[in-house]
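Reader: I'm new to this one and would like to learn how to read it. Could you walk me through it, feature by feature?

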Amino acid sequence: MTSLSSSAAAARAAFVMPSSSRARPGRGGGGSSRMARLVTRAAASSPKLPSGRRLRVAVVGGGPAGGAAAEALAKGGVETVLIERKLDNCKPCGGAIPLCMVSEFDLPLDLVDRKVRKMKMISPSNVAVDIGGTLAPHEYIGMVRREVLDDYLRTRAEGAGAQVVNGLFLRYEAPKELNGSYVVHYNHYDSSNGKAGGEKRTFEVDAIVGADGANSRVAKDMGAGDYEYAIAFQERVRIPDDKMKYYEERAEMYVGDDVSPDFYGWVFPKCDHVAVGTGTVTHKPDIKKFQAATRLRAKDRIEGGKIIRVEAHPIPEHPRPKRVAGRVTLVGDAAGYVTKCSGEGIYFAAKSGRMCAEAIVAGSANGTRMVEESDLRKYLAEFDRLYWPTYKVLDVLQKVFYRSNAAREAFVEMCADDYVQRMTFDSYLYKRVVPGNPLDDIKLAVNTIGSLVRATALRREMEKVTL
């Protein structure tokens, strides 16, 4: 879920998506019209595969990145195996998706638990700003449960021809000769074999897509390097029906040192409960203290609720130093595609998975040729071209507005501006650059400076009181 940017210019820069990438895909969400344009790009140097054999790719991880990758690969004529260790996984995740993802990935509307049209931003001093008045009647932020979304994408990939395997990826062996096979080692889970820890198995592939999350074993095997990460902690709380009515189309975001020194707390509505959570990079041992503070802030609206599930998971804070090695590459959280400041990751995971798969389909001429590292690097180059500004701008916004309670007060104050809301929602919902009004941009810049000056003055006065 994106926090609403305090600068219209930053919002436009932070959510870039060219018009060619916004075309609605054909039914089934595989982007069939784009795939048809990709089949002629196979490298002349890549050898043709033996007659009757298709390119073989292992997709490790069955979240949005893995599901989207496996579907696009299978539709593109590639022999695809998707490995997921926990097919009923409930990842702790706010579960917010932009409106464009519903159409771009052809998601059925019954996958969306709630259509959020009202957002309440709450400052450290509990000043609340209502956001959402600029939305058109058909616009909303979708709220999904990850176990539902992930299962749907995996099932669709399986329907497209991918083989879905319930197993735990262990490691891979790199080929010893040019164009040789990678050997994938994994534990195969099958209740019929009577082995609680699974049965050790192997299979050979030509390429590997690591979509196995922040703790990626594929990344470890390929020497992708470490990155800073946040801990997200979330409780699913079933609240009384009268209180649930309040959250029917509303979500809440809390900022302040009490809920997180470098992130935010949230209450996001789901089908029959709310997700209450927070996160932090700098103070991980204190995560339960921040969670208790988030519950306290939302007490009046969730009182009487019952905690039905507790979840925690690492969230990457920036892309890994290395995302490709030979014919192995990373997508989604494994690659580090979660934005700072906002914590948005679902859309970028699915998008990176599909873009990676399309590059493989193109490089292999629909599964008939061997791929090369250069084919995978084309995906990285295109992804970085489209979305690198997102990570840089939101990194700056986090450093400016999450550095103190006074700065957070300024942040919430600016979120009340209709121009900020309109520009930010347009950019977030559609992942595109929205042309701004120069006069409004100047006015916003002046207001931003004014808010920061007031925030600085407030911080100094507070420091005097505490001395």
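Reader: Let's start with the rings. Which residues form one aromatic cluster?

Author: Keep in mind that this is a predicted model. The cluster is made of F105, Y337, Y347, F348, F383 and Y387.

Reader: How many aromatic pairs does the structure hold?

Author: There are 12 aromatic pairs here. To read one, you look at the distance between the ring centres and the angle between the planes, and planes under 30 degrees apart count as stacked. Take F263 and Y264: their planes are at 15 degrees and their centres 4.6 Å apart, so this pair is stacked.

Reader: And what does an edge-to-face pair look like?

Author: For that label the planes must be over 60 degrees apart. Y347 and F348 fit, with 80 degrees between the planes and 5.7 Å from centre to centre. You've met both of these residues already, in the aromatic cluster.

Reader: Are those rings buried or exposed?

Author: Y347 and F348 are both buried. As for the stacked pair, the cut-off for buried is under 20% relative accessible area. F263 has 8% relative accessibility, so it counts as buried. Y264 is at 3%, and therefore counts as buried too.

Reader: Which ring does the charged end of K284 sit over?

Author: That would be the ring of Y229, with the charged end of K284 4.5 Å from the ring centre. You can find another case at R320, whose charged end sits over the ring of Y227, 4.1 Å from its centre.

Reader: On to the sheets. What is the order of the strands in the open sheet of 8?

Author: Reading across, you get β10-β9-β8-β2-β1-β11-β18-β17, and the pairing is mixed. The edges are β10 (199-205) and β17 (324-325); each has a single partner strand, so one side of each has no neighbour in the sheet. For a look inside the sheet, try β1 (residues 56-60) and β11 (residues 207-210), which pair in the parallel sense over 4 bridges. One of the contacts to look for is V57, whose bridge partner in β11 is A207.

Reader: What is the pairing in the open sheet of 3 strands?

Author: Antiparallel, with the strands in the order β3-β7-β4. Its edge strands, β3 (96-97) and β4 (114-116), each pair on one side only. Between β4 and β7 (residues 141-143) there are 3 bridges, and R114 has M143 as its bridge partner in β7.

Reader: How do I think about pockets?

Author: Rolling a probe the size of a water molecule over the atoms shows where empty space is left. In this model, the largest pocket has a volume of about 860 Å³. It is lined by 48 residues, and K91, G213, A214, H313 and D333 are the closest to its centre. Several elements give two or more residues to that lining, including α3 (64-75), β2 (79-84), α5 (146-159) and α11 (346-363).

Reader: Which element gives the largest share of the lining?

Author: β14 does, with 4 residues.

Reader: How do the lining residues divide into nonpolar, polar and charged?

Author: The lining of the largest pocket has 23 nonpolar, 15 polar and 10 charged residues.

Reader: One last spot: where is C415 found?

Author: Look in the loop between α13 (405-414) and α14 (418-430). C415 has 1% relative accessibility, so it counts as buried. Try finding A128 as well: it is 287 residues from C415 in sequence, but the two are 10.0 Å apart in space, C-alpha to C-alpha.

Conventions
Residues are numbered from 1 along each chain as its sequence is written. This is a predicted model: local features need pLDDT of at least 70, side-chain atom pairs count only at pLDDT 80 or more; totals for chains, interfaces and linings use all residues. Side-chain values use heavy atoms; hydrogens and water are left out. On a 1 Å grid over the protein atoms alone, a cavity is a set of points where a 1.4 Å probe fits but cannot get out, and a pocket is an open set with protein on both sides within 12 Å along at least five of seven lines; lining residues have an atom within 4 Å of a point. Grid points are joined across faces, edges and corners, and a volume is the space filled by probe spheres set on the points. Ala, Val, Leu, Ile, Met, Phe, Trp, Tyr, Cys and Pro count as nonpolar, Asp, Glu, Lys and Arg as charged, and the others, Gly among them, as polar. Rings of Phe, Tyr and Trp (its six-membered ring) pair if their centres lie within 6.5 Å; planes under 30 degrees apart count as stacked, over 60 as edge-to-face and the rest as tilted. Buried means under 20% relative accessible area, exposed over 50%, partly exposed in between (1.4 Å probe, protein chains only). A charge sits over a ring if NZ of Lys or CZ of Arg is within 6 Å of the ring centre and within 35 degrees of the ring normal. Two strands pair if DSSP finds at least two bridges between them.
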